[in-house]
Amino acid sequence: MNIRLDGKRAVVTGGNSGIGEAIAVCLAEAGARVAINYVAQPEAAHSLVQRIQEQRGIAMAVKADVSDPDAIAKMFESIEAAWGGIDILVNNAGIDGDRAFGWETDIAAWRKVIEVNLLGAFYCAREALQRLVPQKSGVILNISSVHEEIAWSGYSAYTASKAAVAMLTKTLAQEAAPHGVRVLSVAPGAIKTPINRSVWGDPGNLQDLLEKIPLKRIGDPEEVARLVVVLASDLASYVTGRTIFVDGGMTDYPDFAHGG
Ligand code: BGC
């Protein structure tokens with residue numbers, strides 16, 4: 001089976017690093033045009049555009065802070081001006097914030113995580129749906145986390161934002177389905193990216209993490225990206241309103257492999 005996204009116009013938020021970067025590359029390999037949204041490290045965004053172009057793909061870099069609704073409206077206008085519209089939105093931009101118990105955390109820091117992970121995803125989805133609903137086609141993929149389901153001490157804003165994204169996905173999917181638009185979440189587990197370098201970069205932390213993963217290894221960003229490409233394609237034409245986990249079994253309660 002050959003997955004092709006020729007002629008599709010995609011935007012990937014936070015597309016210049018980690019999982020977002022792998023998604024941008026895979027979408028381009030499948031033939032989609034890819035707008036790589038970024039907020040920091042412009043060099044990374046521009047060199048990714050160049051890399052995609054060298055492989056005969058089509059890409060552009062667009063700077064916008066997902067937590068700023070006006071900047072997001074402008075970003076969608078500029079993509080529309082360049083490519084005549086969009087077909088695929090990947091809401092990937094996210095932050096996990098500094099580790100702190102709820103009673104110790106700084107309110108501004110807590111709010112920032114919600115603004116990027118939840119409000120940012122909503123602002124982009126809203127702009128995308130304003131275009132996808134009238135055209136009666138398109139796909140929105142929200143990159144969530146195993147922590148939409150698994151509690152994580154020290155990260156209450158992150159877990160709350162990801163659980164909220166799951167329900168945002170279901171509700172927007174219900175609203176958009178009659179218009180031929182699908183909305184899904186993809187929930188990665190531990191994937192080797194800069195966001196969790198302090199874990200996989202430290203032997204003790206890594207060992208602790210591997211005990212939480214039945215497949216006994218950290219995932220590669222490409223393993224998330226491949227699923228995103230399948231879900232964005234017509235191969236998944238009957239799939240909507242759900243979270244698909246790509247986590248090496250982390251949500252399969254590995255502690256229950258013994259005892260109980
Ligand atoms: C976090 C990673 C973490 C993984 C598994 C992800 O959502 O961003 O830092 O390693 O969940 O706990």
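**Strand β1, helix α4 and the surroundings of valine 199**

In β4, leucine 89 is the residue that stands opposite valine 11. The model described here is predicted. Strand β1 (residues 9–12) is parallel to strand β4 (residues 88–91), and three bridges pair the two. A further parallel arrangement involves strand β2 (residues 33–38), which is joined to β1 by four bridges. Within β2, the residue opposite valine 11 is alanine 35. Valine 11 thus has a partner in β4 and another in β2.

The side chains of β1 fall into two sets: Arg9 and Val11 point one way, whereas Ala10 and Val12 point the other way. In a regular strand, side chains alternate between the two faces of the sheet. All four of these β1 residues are buried. Helix α1 (residues 18–29) forms a β-α-β unit with β1 and β2, and the unit is right-handed.

Helix α4 covers residues 107–135. A span of 42 Å is expected for its 29 residues, because each residue should contribute 1.5 Å and the expected span is 1.5 Å times one less than the number of residues. The C-alpha atoms at the two ends are 41 Å apart, which agrees with that expectation. The helix nevertheless contains a kink of about 35°, and leucine 119 is at its centre. Lysine 136 follows α4 and has a positive phi, near 60°.

Valine 199 lies in helix α6 (residues 197–200). Its relative accessibility is 27%, so valine 199 counts as partly exposed, given that buried means under 20% and exposed over 50%. When residues up to four places away in sequence are not counted, valine 199 touches Asn205, Leu206 and Leu209. For one of these, leucine 209, the separation from valine 199 is ten residues in sequence, and the C-alpha to C-alpha distance is 7.7 Å.

Over the whole protein chain, the secondary structure comprises eight helices and seven strands. The C-alpha trace spans about 55 × 45 × 40 Å along its principal axes. A compact globule of 260 residues would have a radius of gyration near 18 Å, and the value for the protein chain is 18 Å, so the two agree. Of the 260 residues, 48% are buried. Among contacts with a separation of 6 or more, 73% are between residues 24 or more positions apart.

How values were computed. Residues numbered from 1 in each chain as written. Predicted model: local features only at pLDDT ≥ 70, side-chain atom pairs only at ≥ 80, totals over all residues. Heavy atoms only, no water. Buried < 20%, exposed > 50% of the residue type's maximum accessible area, 1.4 Å probe, protein only. Contact = heavy atoms within 4.5 Å. Pairing = 2+ DSSP bridges. Right-handed = clockwise from strand over helix to strand, strands pointing away. Bend = angle between axes of the 7 residues up to and from the residue. Rg over C-alpha atoms; globule rule 2.2 N^0.38 Å.
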